[in-house]
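The report below goes through a protein model with its ligand, moving from local backbone features to the core and the ligand shell. Please keep the sequence and the 3D view at hand while reading.

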Amino acid sequence: MKLTDLWQSRSKPTLSFELFPARTEKAAANLEKAIDKLAALEPDFVSVTFGAGGSTREGSRELVRKLKQDKGLDVIAYFAGFGLAPSEITDVINAYQTLGVENILVVRGDEPRDENFTPHPESFAYASELMGYIRPRYDLCLGVAGYPESHIDAANQAKDMEFLKLKIENGAEFIITNYFYDNQYFFDYVARCRAAEIEVPIIPGVMPIYSIKMMRMLAGMCGATITERIETGLAALPEDDKDALNNFGIDFATKQCAELIQAGVPGLHIYTMDRSKSTIGLVNRLREKGLL
Ligand SMILES: Cc1cc2nc3c(=O)[nH]c(=O)nc-3n(C[C@H](O)[C@H](O)[C@H](O)COP(=O)(O)OP(=O)(O)OC[C@H]3O[C@@H](n4cnc5c(N)ncnc54)[C@H](O)[C@@H]3O)c2cc1C
């Protein structure tokens, strides 16, 4: 089903989970277990990331296949076009179409760390250009990424919004956002989008806190602000107590999601990091409150 039709037909927010292909055998075994536990929560759809430069091309396709065909889940495939030739772009998307994928999130991606990687001379510099290439060629439901706190490399907030608008004008039908730890960033962002006449559904991304180290590393990479409220909450936890941290993460995400739902978001997209425990805790609490 096209996601835009799903959001139109639903009165409650959709629930979706992001997954990425495993890089090692051990991670693959853990992912397999996580998928089954997450599938038991009956999400509306799951998403599969794509390594920029095509680094996870086969792994991403195989995970999409498994989730769709073996697990019966609806899947949105991400596509990161950084450095890829136009023919490689169509190869990847054709393969997804063959698997029955109807929804693709088009992102630019970042330059791969592999120093042997050379971008194809005809590759596209920005997601808006990828959209301009993909949109006329495919009858797919296409979405793009959005950044409530602006993209980390954006010249400024206004420019970032201008380029987001270009992605929409080039055919994007929905936005999934980067995560944030203060809902006000999201509410202000939606207001700026609407003021810029961007009317598509905007789905907030939510990242439960899994570990302090991971939280700091990822936030540093994508520019998410770790708020005073989180710092104070973490400082009050007993040291090296994983359960206490896990509960704090679930608690924080539950309050955050409850407020987002009450504000009328069309869906919640949970960054699972291929783990299930926190997402299960979060979803169960939201369901107990009748919010999902
Ligand atoms: C929901 C979500 C899913 C993601 N999935 C993946 C994934 O699967 N694989 C992956 O590798 N990465 C993924 N990312 C990360 C993403 O690829 C990076 O954040 C990347 O740096 C930017 O991608 P983009 O599509 O937002 O780029 P763009 O929209 O192209 O923007 C990139 C930067 O360039 C600026 N810009 C845009 N257009 C122009 C222009 N015409 N002129 C000058 N500047 C411009 C923007 O302001 C921004 O700073 C995801 C991010 C999100 C939020």
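## Two loop residues with positive phi

Aspartate 240 sits in the loop that joins helix 9 (228–235) to helix 10 (242–262), where helices (H or I, at least four residues) and strands (E, at least two) are DSSP runs numbered from the N terminus. The model is a predicted one, in which local features need pLDDT of at least 70 and side-chain atom pairs count only at pLDDT 80 or more, while totals for chains, interfaces and linings use all residues. Residue numbers start from 1 along each chain as its sequence is written.

Most residues other than glycine have a negative phi. Two residues that depart from this are set out here, with burial judged from C-beta atoms placed from the backbone (buried if 20 or more others lie within 10 Å, exposed if 12 or fewer, partly exposed in between).

| Residue | Phi | Loop | C-beta neighbours within 10 Å |
|---|---|---|---|
| Glutamate 197 | about 60° | helix 7 (183–195) to strand 7 (202–206) | 9, exposed |
| Aspartate 240 | near 55° | helix 9 (228–235) to helix 10 (242–262) | 7, exposed |

## Chain and core

The protein chain has 11 helices and 8 strands. Its radius of gyration, taken over C-alpha atoms, is 18 Å, which agrees with the value near 19 Å for a compact globule of 292 residues, the rule being 2.2 Å times the number of residues to the power 0.38. Buried residues make up 41% of the 292 residues.

The largest nonpolar core, meaning a set of buried Ala, Val, Leu, Ile, Met, Phe, Trp, Tyr and Cys residues joined through C-beta atoms within 7 Å, has 77 residues, and Ala77, Ile104 and Val106 have the most contacts inside it. Strand 3 supplies the largest share of this core, with 6 residues. Beyond its neighbours within four places in sequence, valine 106 is in contact (C-beta atoms, placed from the backbone, within 7 Å) with residues including Phe79, Ala127, Leu130 and Val144.

## The shell around the ligand

The ligand is surrounded by 25 residues, of which Thr49, Tyr78, Val107, Ala127 and Ala145 are the closest; a residue is counted if its C-beta atom, placed from the backbone, lies within 6 Å. Helix 6 (157–169) is among the elements that supply at least two shell residues, together with strand 3 (75–80), strand 4 (103–107), helix 5 (127–134) and strand 6 (174–179), and helix 6 gives the most, with 4 residues.

Definitions and conventions. Contact = placed C-beta atoms within 7 Å.
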